[in-house]
Amino acid sequence: MKQKASFILSVMLLSVSSAAVTAQEVNEASHLTLRYRKPAVQWVEALPVGNGHMGAMVYGGTTHEEIQLNEGSFWGGGPHRNDSPTALENLPRVRELIFNDRTMEAQRLMERTFMTPRNGMPYQTLGSLHIDALPQGGNALADSLTAYERTLTLTDATTRTVWTDARGITFTREVIASLPTRAVVVRITASQPKALNFRLRYTSPLDITRTHLGKELVMSGRGRDHEGVKGVVEMQTRTAVRLTDGRQQITDSTLTVQDATEAIIYIAAATNFVNYADVSANPAKRAEAIMKAAMRQKWQQLTADHVAAYRHFFDRVSLRLEGGPARVDTMETDQRVRRFSRGETDPGLAALMFNYGRYLLISSSQPGGQAAGLQGLWNRDLLAPWDGKYTININAEMNYWPAEVCNLSEMADPLFGLVRDLSQTGRETARVMYGARGWVAHHNTDIWRSTGIVDGPFWGAWPMGGAWLTTHLWEHYLFTLDRDFLDRHYEVMRGAAEFFMSYLVPHPKYGWLVTCPSVSPEHGPGQGEGGASLCAGPTMDIQIVHDLFTQTIAAAGVLGRDAAFADSLRVALGKLPPMQIGRYGQLQEWLEDLDAIDDHHRHVSHVYGLYPSGQITASATPDLFRACRATLQFRGDDATGWSIGWKLNLWARLLDGDHAYTMIRTLLSLVDSGGGRGRQFSAGRVYPNLFDAHPPFQIDGNFGFTAGVAEMLVQSHEGFIRLLPALPVFWPEGEVRGLRARGGFEVSIRWAKGKLTGATVKSLRGGDCRILVGDEMRTIHTTAGNEYEITP
């Protein structure tokens, strides 16, 4: 069987392109490959491909293949608003009740007066393309195979299924989601001439129309109505085949290929969506244009262009972690995870998961597309868990934590577009619900950019979502020093700050300016999820407002404008509550010391100030730094997948590499079979295809993992660069290249025996670079474009 596996690996590598493949590239491809010895049965075993617009999940079947399809703008419902017209008149009473500790009454009042029937629209699947082998095709049943392997290679963003039947015929199926053309393309080849015989067909849970246009198989449909909002997004999917020999026949429902040696299947999808207020595009013309662009190219050119476009992003960063047994990278990936969770050493698995997160971000979030949602680009359902929307009290933000530090700034462009849209739609919410200036978004939004409260006040009465998203604008500036970007987005930042200048109210007992009503996300003091969560001035709110105000002040200073408004923000900053340490030595989650020592809630919102913010550091705020450690110790390590991803970053910020590694071990544990759909809190935090498990699947944990590993290797939030700030003993030797640091620097680091052996800093903008090397703070006067060697 080892010979067969080696044969399959050789086929895989030789099919990357017609160009020669170096030994180093073969080795790199082997290390950065997810591999399996049987087809996927559950969706969370299938392998994802995507180009930021169209996504596909590839099952890797032999006699039957399913390729489940998504298009990023295909959502249910249509333009809608969820601003309650009765909120404003009841706002004073809600505040009065909260300030008098009658929070359950306040919550019931908000339930009646702040809610609407609309909780956001769902992200929806297009359906699937099926490839059914015909009886005369000789595609033996799976139990008759002499060899089988399916893989996802991260170096070229390609899935491959390779199998050999009992007659000795080897079949190879490759799938890419072409970045340049926006099409999904499949190549199927047989080692024996004319051995390919199969039929293509569509299925979908939607009400669809099947037809054909010339030689193209066509599926058309419309997004479902939802919560009384008519589905207005129209889609069209087209499939065509190019053959080198053999013949094809098409009907309205099937496309049949017979006696072929090679078949290229082109899949295009498009919708009528233009923006949150406009669905006037022609999906048929859009799909036709995508199909024409893809079919103009033969496979070799198509894949060469795709790989070049993909590697333009992926090759910016590399991570090598030495150690572990030889050839562990040839194991099945799910078995490798099982082995690791039993306590075996495998640094390469962490490197694979780190790179998988980069792959998923490149594949799910591209300029011109939609921001990555709760499941990224991939979803098989009409009603995904939590509708597959944008949960902006942690999850959407976590999706983009790797973007800047992992040198993928362009991937955040769809997020910035979302924030710009919310800054427009959120103005009406601020005016209607709160009588406030500026703009606001609560804890959830969708493609229609709804900004009101959803899911009930316990979860939804949190007016901080837009403000948190706005901090990503400033972070992008800090990493890139792109003044033009800051200039284009300053009014978005200003509008978010304007809202809180209207919304903050003096606390009658303490005198501080506080948010009210609000919640500490999805959590109530000692109440669980059956009590009241409403409060005034929870710690996370104050930390976010602090960031928003200080960043807007700084942006105004960089741009040389708005001095009077900046001064007003400075005055308000001085009236915010301080962060407080409670009776257990913990960072308080609320104004009062209400934290429970046995509280293991998944959200650790009040340590936002440690990460992703930089308000709490070892050097500047040592007492608060220690309080964050106490908080995390009380909360415990185990949690939902995304929460573990956050804790990984938090322990890295606490400069505790070994505990950060404990979070890696906790996350890299396999979900029990059957956990693909349910929301149950079952064992395991990754699925066989390495998708993160809440459970169910949420992609934010993947991105949190990638950001956390980067944070273990380089940090730059304190005004200087730390090298290897949280290196665990389990990674004694390695190298990372291309990570980004604030100030416009690119950092590469080498280490051995747990110690720094060298580093390189490339200056992208010039200026001074402060870098901590051991206990020595060094300042390098840099010139843009130059590289500087750092020796320990």
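**Notebook: strands, sheets, cysteines and a pocket**

I began with a single cross-strand pair and noted that Arg173 stands opposite Ile188 in S9. The model I am reading is a predicted one, and I kept that in mind for every entry below.

**Entry on S8 and its neighbours.** I looked up how S8 and strand S9 (residues 184–190) are joined, and found seven bridges between these antiparallel strands. The two form a hairpin with six residues between them, and in that turn I noted Arg182, which has a positive phi of about 70 degrees. On the other pairing I checked, six bridges join strand S7 (residues 158–164) to S8, again running antiparallel, and the bridge partner of Arg160 in S8 is Glu174. S7 and S8 also make a hairpin, here with five residues between the strands, and Gly168 in the turn has a positive phi of about 90 degrees.

I then asked myself which way the residues of S8 point. Thr170, Thr172, Glu174 and Ile176 point one way, while Phe171, Arg173, Val175 and Ala177 point the other way, and all of them are buried. This fits the count for strand S8 (residues 170–177), in which eight of eight residues are buried.

**Entry on the nine-stranded sheet.** I traced the open sheet of nine strands and wrote its order as S1-S6-S7-S8-S9-S16-S13-S12-S11, with antiparallel pairing. Its edge strands are strand S1 (33–36) and strand S11 (208–213), each of which pairs on one side only. Neighbouring strands of this sheet are turned by 15 degrees against each other on average, with direction ignored. At the S11 edge I looked at the pairing with strand S12 (residues 216–222), which is antiparallel and runs over six bridges; within S12, Met219 is the residue that Arg210 stands opposite.

**Entry on the seven-stranded sheet.** I found another open sheet, formed by seven strands in the order S2-S3-S4-S5-S10-S15-S14, and its pairing is antiparallel. Strand S2 (47–50) and strand S14 (247–250) are the edge strands, each pairing on one side only. The average turn between neighbouring strands here, direction ignored, is 20 degrees. S2 pairs with strand S3 (residues 54–58) in the antiparallel sense over four bridges, and Val49 stands opposite Ala56 in S3.

**Entry on the cysteines.** I searched for disulfides and found zero in the structure. Cys406 is in no disulfide, and the nearest cysteine sulfur to its own, that of Cys769, is 18 Å away. Why does Cys769 not bond to Cys406? The sulfur of Cys769 has its closest cysteine sulfur in Cys406, and the pair is not bonded because 18 Å is too far for a bond. I also looked up burial for both residues: Cys406 is buried, with a relative accessible area of 0%, and Cys769 is buried as well, with a relative accessible area of 1%.

**Entry on the second largest pocket.** I recorded about 570 Å³ of space in the second largest pocket. Its lining has 33 residues, and those nearest its centre are Glu475, Leu478, Pro612, Ser613 and Arg742. By class, I noted 15 nonpolar, eleven polar and seven charged residues in the lining. Which elements supply at least two lining residues each? I listed helix H10 (401–405), helix H13 (465–480), helix H15 (539–559), helix H20 (700–713) and strand S22 (714–715). H13 gives the most to this lining, with seven residues.

Note on methods:
Residues numbered from 1 in each chain as written. Predicted model: local features only at pLDDT ≥ 70, side-chain atom pairs only at ≥ 80, totals over all residues. Heavy atoms only, no water. 1 Å grid on protein atoms, 1.4 Å probe; cavity = no way out; pocket = protein on both sides within 12 Å on 5 of 7 lines; lining within 4 Å. Points joined across faces, edges and corners; volume = space filled by probe spheres on them. Nonpolar A, V, L, I, M, F, W, Y, C, P; charged D, E, K, R; others polar. Disulfide = S-S within 2.5 Å. Buried < 20%, exposed > 50% of the residue type's maximum accessible area, 1.4 Å probe, protein only. Pairing = 2+ DSSP bridges. Axes fitted to C-alpha atoms, helices over the stretch in contact; angles between N-to-C directions.
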